[in-house]
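Work through the exercises below with the sequence and the model open. Each task is followed by a solution in steps.

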Amino acid sequence: MMKKAGLLAALALAGASLANVAVAADDPLRIGVIATFSGPYADYGRQFDAGIQLYLKEHDGKIAGKKVEIVKKDTAGPGPDAAKRFAQELIVRDKVNFITGLDFSPNAYAIAPIVTQAKIPTVVMNASSSAITTSSPYIARVSFTVQQDSAPMAQWMLKNGIKETYVVVADYASGTDAHNAFEKAFAAGGGKVVGSVRTPMNNPDFSAYVQRIKDEKPQSVFFFFPSGVMPPAFLKAWKERGLDEAGIKLFATGEATDDSYLQATGDVALGLITSHHYSYAHPSELNKKFVKNFYAAFGKEMRPSYFAVSAYDGMAAIAGALEKTKGDISGDKVMEALKGLKLESPRGPIEIDAATRDIVQTVYIRKVEKVDGELVNVEFDKFERVKDPAKEAQ
Amino acid sequence: MLAILLTVLFDGLAYGMLLFLISIGLSVTMGMMGFVNLAHGAFAMFGGYVATTLMQRAGVPFLVTLPVAFAVVALASIVVERLLYQRLYRRGPLDQVLFTVGLTFMSVAGITWFYGPSQQPVVLPAFLQGQVNLLGLEVGIFRLFLVAVGLLVAAAVVLGVERTRFGAKIRAAVDNPVMATGLGINVGGVFALTFAIGSGLAGLGGALGIQILGLTPAFPLKYLVLFLIVVSVGGLGSVGGALLAACVVGVIDMMTKYFLPEIGSFIIYAVMVALLMWRPHGLLGKKS
Amino acid sequence: MSIALTTTGLSKNYGALQVTRAVNFSLPMGARHALIGPNGAGKTTFINLLTGTVPATSGSITLLGEDITGQRPDQRVKRGLARTFQVTSLFPELTPMQSVTLAVCERLGLTARWYKRTGEHRAALDEAAEILAQLRLGHVGHLLTRTLPYGQQRIVEVAVALALRPRVLLLDEPAAGIPSGESAELFEVIAELPEDISLLFIEHDMHLVSRFASRVTVLVAGGILAEGTPAEIMANPEVRTVYLGNSEGHA
Amino acid sequence: MTPSCPPSTAEAGWLRRRGGEIALWLAVPLAVALFLPEYYLLATHVAALGLFALSLDLLVGYAGLLSLGHAMFFGIGAYTAGLLAVHGWGEPISGLLIAALVAGLLGLITSFAVLRVQHLAQLMVTLGFGLLVFEAANRARWLTGGDDGLQGMVVSPVLGMFEFDLFGQTAFFYTFVVLALCFIVATRIIDSPFGLTLEGLRENPKRMAAIGTPTAARLRQAYVFAAIFAGIAGALMAQTSQFVALETLSFGLSAEVLIMLLLGGAGHRYGGLVGAAVFVIARDLLSDLNPQYWQFGVGGVMVLVVLFAPGGVLGILRSLRQRLMPVARTSTTKAVPATPATKGGTA
């Protein structure tokens, strides 16, 4: 009896907060952004924020004719407990219509039950663990999955005569995902992983790992590290030990040459071949405009990275969905509208898969070069309409 | 096989020297002065930013930035010491913990405000890059440089601070400030100077350490555990102990990474716990 | 059985350094026994050996007929051996009442009990209050120990030890640090200690020793130099040489 | 100072002593429910972390031990409750008890090593154990979900009646009631001869040995109690958020809970609760105000507290009270009656 009463009360309350389905035209559209704005990964939130602000600036601060209000919540890094609480607070206290942001996968997983319960459409702007979109029917993703960026690298390497490689990944969930996806794709094409190592997340010095690789002399090495301090440290050790001179070829995913960090990484990154869905040097008209406006808004100190472009596209996706629903913001209608939504993004054409709510996009093969004195990822090959391989396999 | 072993051994020693260099400042402030200065990493980070800023914006050569980082951080720390730290010498260690962690938080946010959250470009001069052949062994030039600087700093601290009249004054001032004052020691001055030396060393360690550790505003918190491991395993107040501990930890860490990479980061913590169970006052620490 | 405490060949070495040399000592029941000796003679070490804070290198200690040589300090306390410290060793942030209650609770085996408030252990509280009253500390029982004058802190030392109802009480320079004019109260307290407690105390002041002790042992360089009544000791030429700082008498 | 104070009955004394406290404990949840229902989640968070900080207070504030690895017990409690709920044991109260048991066991095992060392070494050994457990949980992805966190908890309604809702109402009252019960037990512990023994050990372990206390055994007991309370706090956090993050085992959390305790004031029964409230609310307000630089504000609060409120928030309140009412210059602690003369003229 009590149980029922409690449940009913909760539902009534929930109804009250969600009943604003038919919002009055002058009600603002509230969007909650759960991301990292402080601490070691504060750059993620900064890029999200810039992407969102740029989109709003280009659209007079409005989506589907409504003024947009952004409510930011800082998880200060991977913090699923905090993310979950923030999601609840955003829904209950701030009465948001959408939740977005979500840089870290654990944070996205943690909020899945909440947004399902509250039927709040959620657009993932980065978190790249494959199963996030399967964890709730109210989650769609406009970023990428680890597998989606890793597997094409394996295919490209095979295509270019590399049959043997050594895998180095950071010892965390995404590292494991990258390792598995890469190895699967590589083995499927007849390649062989001759060795592998998972390095601790807090590891400052890679010289022992690199020395070991040097002594084992594999034909090539593929590595995956999260954006930030690990790739430069690895590349420095690589150059210092002279592995290029030893004839070992190096490949990675685009996290290694994240545009946010590439300039600081320095010349050790030169010549590195990576696979990724976005380079700020992507040579399309739309992207040139995007970068130009980005610089105009935030100054040249900060390059737009794949976080910024996903955030920008996330807003575009919300706008696109609301256009389809004619302004109806009820969770089910919005999710229906997001399915199959196609957008022209600064990174190229993207689509939200109607079946999986995950992103379908072009994955580019790029090489780090110096253009006008700046280090950039220059795209020179691509795989079109890549879906998440982890979901394809099922 | 022997060559591999020697290479890894050398890398371990070089890594140990790096650990020593970034921790030695804490060994001075915490070990000699008895002040639990968990903001040590903030001073090291400050040194790192001084060095990169000079290199990036003013084109100052790397080798010149090192003494400048020492001096700038040491001078700045005297201000901080006179304004803030000296109020806390008589307080318990827990108050010092809360205070210095608070300072660290503020410095992290402050540096983010000025420099942004991203990694700073840290580029070594060409003559320190690459490897040289030393007695048939391929060794990194920068690592060789680290070993040399580490030994130099250790010698300087031992001969210049630990085993001098000044060292005796520090001990007297820490043990019994009232009596030390009676003996004509300027206790405030001794503390300020010791603190400045400790912070200056932190700054120097930061300027050197960022070459391998990288530099972001998260630096002080990220490497706090490493500093503490070196100082505690070495033994409070023992510079030689810190050097020995850093080398032991560095070599064991490097050996496991090379030969048993699947163990990962377990090893450094397990070694620390084991060493502290064996010698609770540190390898060369004195019983209190 | 009239012997409270005996040591046989009790020795302590730190490497080559002998700080206690084969001490044979016995303390009769109800004794008032003083232990004297120049600085560095090893008096406090001897006390520490008796209480077990310092393990003996060789020799044995017998308390009330039982060999306690291998026992931990707390086990020896349970068998009736209590002590005070030369340098005041109290609980600065507790009141004397709390400190004495703590000792009483420990004797009654209550200190592992967490489910009943101390206030409900009336007997323990009453006993603590009684001890404080006896030692003329009743009026300061509620003040933090660190706020008390030093002389009173020395008495709290004794109170805490008495709360253990010791059979043998070791007082390590009970008057140390008290200005001589203010020690009267403390010595009154010591004079009034129950007679069945055997007392061994370290003291420098020969005047006080002769007032309170019936026997005196002189410890020099870790070994017993002489033993006897205060008068005998004062008359002993060897002791006089040591105390006059002239060591040729027994070199 | 009032020897003539009449001996009161146990009942009346209890009410006089605890009346204000009981009123406070009733007022707080009522106030949250009536005026701040949209802050249920934050209040739940404060309550769980408050219990966690309280558990640390037993070690740091009372027994005088040091720990930078206390999250180990919080996390193990959280994972125990979490794994039970994932594998079909969703009943929350038994989950709490099992979590308490597991955490207590871990406390017992680690206590042998932790109590062998002191000061900095103790800090580092606890930190080392914490990091080792963290790494182990990170590696055991098959069990814990690694850094993706433990998902798929299904927690049954509390007492079979109160379902956990989106608004955190059940979670709040559940957490608050468990906190209150734990607080009563903790108060008992602090007021008991055992609690007094811990304070004695904090003040002077050498003297405690000299009065015959088996110091290691008492400290071990305290360590296990602290582990149990921390485990319950972790389990509460897991059950109310129906998720366990790897961060519940992290060094960061160990450091944070120490900060909370010191902010509130170690060695006060309410130190942990006040500190958790101050820290969490300050962080929430400041990070809403400025998601990028809120750390500056939190750090500033910590620095200011040390400079101007030594002994934490409760420390400064206590010394203010002592300054205003010099008569109360007694140990405000606890149950040993301040005056030996409480039993009237019989002494």
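Two residues are in contact when heavy atoms lie within 4.5 Å. The model is predicted.

**Exercise 1. Chain pairs**

Task: Find which chains share the most contacts, and state how chain C stands to chain A and chain B.

Solution.
Step 1. There are 4 pairs of chains in contact, and chains C and D share the most contacts among them.
Step 2. Chain C does not touch chain A; the nearest C-alpha atoms of these two chains are 34 Å apart.
Step 3. Chain B does not touch chain C either. Here the nearest C-alpha atoms are 14 Å apart.

**Exercise 2. The interface of chain D and chain C**

Task: Describe the contact between chain D and chain C by residues, area and polar pairs, then say which elements of chain D take part.

Solution.
Step 1. Count the residues: chain D gives 41 and chain C gives 49.
Step 2. Take the area. About 3900 Å² is buried between the two chains, and carbon and sulfur atoms account for 62% of it.
Step 3. Look for salt bridges, with a cut-off of 4 Å between the side-chain nitrogen and the carboxyl oxygen. The count between chain D and chain C is 2. One of them joins D:Arg207 to C:Glu157, with 2.4 Å between the closest N and O atoms.
Step 4. Count polar contacts: 15 residue pairs across the interface qualify, both residues being at pLDDT 80 or more.
Step 5. Assign the chain D side to its elements. Two or more residues each come from helix H1 (10-35), helix H7 (169-191), helix H8 (193-203), helix H9 (205-210) and helix H10 (215-241) of chain D. H8(D) gives the largest share, 8 residues.
Step 6. Sort the chain D side by residue type: 18 residues are nonpolar, 11 are polar and 12 are charged.

**Exercise 3. The fold of chain C**

Task: Decide how the radius of gyration of chain C stands to the value from the globule rule, and describe its contacts and burial.

Solution.
Step 1. List the secondary structure: chain C has 9 helices and 10 strands.
Step 2. Compare the radii. The radius of gyration of chain C is 19 Å, and the globule rule gives 18 Å for 251 residues; the two are close, so chain C is as compact as a globular protein of that length.
Step 3. Add the dimensions: along the principal axes, the C-alpha atoms of chain C fill a box of roughly 60 × 40 × 35 Å.
Step 4. Take the burial: of the 251 residues of chain C, 55% count as buried.
Step 5. Turn to sequence separation. Among contacts in chain C between residues at least 6 apart in sequence, 66% join residues at least 24 apart.

**Exercise 4. Two residues with positive phi**

Task: For A:Ala64 and D:Gln242, give the phi angle, the place in the chain and the exposure.

Solution.
Step 1. Phi of A:Ala64 is near 50°, a positive value in a residue other than glycine. A:Ala64 sits in the loop between strand S2 (62-63) and strand S3 (66-74) of chain A.
Step 2. Partly exposed covers the range between 20% and 50% relative accessible area. A:Ala64 has 41% relative accessibility, so it counts as partly exposed.
Step 3. D:Gln242 also has a positive phi, near 50°. The loop that holds D:Gln242 runs between H10 and helix H11 (251-264) of chain D.
Step 4. The relative accessible area of D:Gln242 is 23%, so this residue is partly exposed.

**Exercise 5. Three buried residues**

Task: Are A:Ser207, A:Asn203 and D:Arg220 buried or exposed, and what does each touch beyond four places in sequence?

Solution.
Step 1. A:Ser207 lies in helix H7 (residues 207-216) of chain A. Its relative accessibility is 0%, so A:Ser207 counts as buried. It is in contact with A:Ala237 and A:Arg241, and across to chain B with B:Asp11, B:Arg143 and B:Met254.
Step 2. A:Asn203 is in the loop between strand S8 (192-199) and H7 of chain A. With a relative accessible area of 6%, A:Asn203 is buried. The side chain of A:Asn203 reaches the backbone oxygen of A:Asp205 at 3.3 Å, and A:Asn203 touches A:Tyr209 and B:Lys257.
Step 3. D:Arg220 belongs to helix H10 of chain D. Its relative accessible area is 18%, so D:Arg220 is buried. D:Arg220 touches D:Leu108, D:Ser111, D:Phe112 and D:Leu115.

Conventions. Residues numbered from 1 in each chain as written. Chains lettered and ligands numbered in written order. Predicted model: local features only at pLDDT ≥ 70, side-chain atom pairs only at ≥ 80, totals over all residues. Heavy atoms only, no water. Buried area = accessible area lost by both parts, 1.4 Å probe. Polar contact = N/O pair within 3.5 Å; in protein donor to acceptor, adjacent residues only side chain to side chain. Helix = DSSP H or I, 4+ residues; strand = E, 2+ residues; numbered from the N terminus. Nonpolar A, V, L, I, M, F, W, Y, C, P; charged D, E, K, R; others polar. Rg over C-alpha atoms; globule rule 2.2 N^0.38 Å. Buried < 20%, exposed > 50% of the residue type's maximum accessible area, 1.4 Å probe, protein only.
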